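Open your viewer and get ready to select residues. This tour goes stop by stop, telling you what to pick and what is there.

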Amino acid sequence: MLVAGFPAGAWGTNCYLVAPAAGEECVIIDPGHQAAEGVQETLAKHRLKPVAVVLTHGHLDHVASVVPVCGAHDVPAWIHPADRYMMSDPEKALGRSIGLPLLGELTVGEPDDVKELTDGATLSLAGLELTVAHAPGHTKGSVTFRLPERADIPSVLFSGDLLFAGSIGRTDLPGGDHAEILESLARVCLPLDDSTVVLAGHGPQTSIGRERATNPYLRQVAAGLGDAAPAPAPRRGM
């Protein structure tokens with residue numbers, strides 16, 4: 001399996017291209033702010049053909065390049081219905097103005113073909129099986145995508161802004177809810193094997209085992225402390 005990722009734009013959001021191997025079809029995950037050029041370079045480097053864009057949530061730093069990327073390759077974008085409005089109205093999702101200079105760099109709106117994600121669905125795309133888990137807390141429509149374990153390849157969780165190395169997503173923007181993100185961590189992340197590779201929306205690669213042992217939020221959720229877990233202080237992205 002091929003997973004090629006790069007941080008993009010002002011918020012360093014990780015965009016991933018996933019394929020069974022080089023030279024095959026691929027899925028693009030979270031083409032955010034100023035990601036279009038990196039997507040094109042990665043497609044060319046690995047000789048990939050995109051068949052879909054899938055989005056972990058609707059914040060601008062994860063969706064800002066959806067329209068040009070989908071338009072250039074005539075592919076659909078998948079997003080949870082609770083976050084779909086954010087593609088057309090990013091400022092409403094942030095509860096503040098993001099500034100005209102930044103807006104001037106963006107093509108705000110939806111691509112021609114938008115499909116909606118549902119909890120527990122399996123997307124069969126580009127020879128991959130991506131299992132969707134609704135994981136609200138960072139936003140109401142946040143989801144994760146998981147690739148199953150295969151042969152000697154561990155399972156991979158694309159966690160979006162649910163779980164980071166050493167931290168979790170912020171919950172102070174519209175639609176954020178600290179208690180809800182803790183419940184999502186308990187339901188989505190805790191049942192996974194320690195060997196599961198975690199590729200987050202921001203920051204470095206980690207694993208469920210490492211986060212179970214060291215992440216203060218996941219440790220306290222695992223201990224059943226619920227809302228006693230600290231409110232997230234480190235903030236990455238939106």
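Start with the second largest cavity, which has a volume of about 30 Å³. Keep in mind that this model is predicted. By the rule used here, the count of cavities of 30 Å³ or more comes to two.

Select the lining of this second largest cavity: Asn14, Tyr16, Ile29, Asp30, Thr56, Phe158, Ser159, Gly160, Leu199, Ala200 and Gly201. Colour these residues by class. You should get five nonpolar, five polar and one charged.

Which strand gives the most to this lining? It is β10, with three residues. Now show β2, β10 (156-160) and β13 (197-200) as ribbons; each supplies at least two residues of the lining.

**Next stop: the largest nonpolar core**

This core has 23 residues. Select Leu17, Ile28, Val39, Val53 and Val66, the members that touch the most other members. Then look at the elements that give two or more residues to this core. They are β1 (2-8), β2 (13-19), β3 (25-29), α1 (36-46), α3 (66-73) and β5 (77-79).

Zoom in on Ile28. What does Ile28 touch, not counting residues up to four places away in sequence? Its contacts are Cys15, Tyr16, Leu17, Val39, Pro50, Ala52, Val53, Val54 and Val69.

Another core lies apart from the one you have just seen. This other core has 21 residues, among them Val27, Ile29, Leu117 and Phe145. Select those four to find it.

**Next stop: helix α3**

Select Val66, Val67, Val69 and Cys70, the buried residues of α3. Why do buried positions in a helix often fall at such intervals? An α-helix has 3.6 residues a turn, so residues three or four places apart point the same way.

What covers the buried residues of α3? The cover includes β3, α1, β4 (49-54), α2 (60-63) and β5. Show these elements around the helix, then hide them one at a time.

Step past the end of α3. There you meet Asp74, whose phi is positive, near 55°.

**Last stop: two cysteines**

Go back to Cys70. Is Cys70 buried or exposed? Its relative accessible area is 2%, under the 20% cut-off, so Cys70 counts as buried. Now select Cys189. Its relative accessible area is 0%, so Cys189 is buried too.

Finally, how many disulfides does the model have? The count comes to zero.

How values were computed: Residues are numbered from 1 along each chain as its sequence is written. This is a predicted model: local features need pLDDT of at least 70, side-chain atom pairs count only at pLDDT 80 or more; totals for chains, interfaces and linings use all residues. Side-chain values use heavy atoms; hydrogens and water are left out. A nonpolar core is a set of buried Ala, Val, Leu, Ile, Met, Phe, Trp, Tyr and Cys residues joined through side-chain atoms within 4.5 Å. Buried means under 20% relative accessible area, exposed over 50%, partly exposed in between (1.4 Å probe, protein chains only). Helices (H or I, at least four residues) and strands (E, at least two) are DSSP runs, numbered from the N terminus. Contact means heavy atoms within 4.5 Å. A disulfide is a pair of cysteine sulfur atoms within 2.5 Å. On a 1 Å grid over the protein atoms alone, a cavity is a set of points where a 1.4 Å probe fits but cannot get out, and a pocket is an open set with protein on both sides within 12 Å along at least five of seven lines; lining residues have an atom within 4 Å of a point. Grid points are joined across faces, edges and corners, and a volume is the space filled by probe spheres set on the points. Ala, Val, Leu, Ile, Met, Phe, Trp, Tyr, Cys and Pro count as nonpolar, Asp, Glu, Lys and Arg as charged, and the others, Gly among them, as polar.
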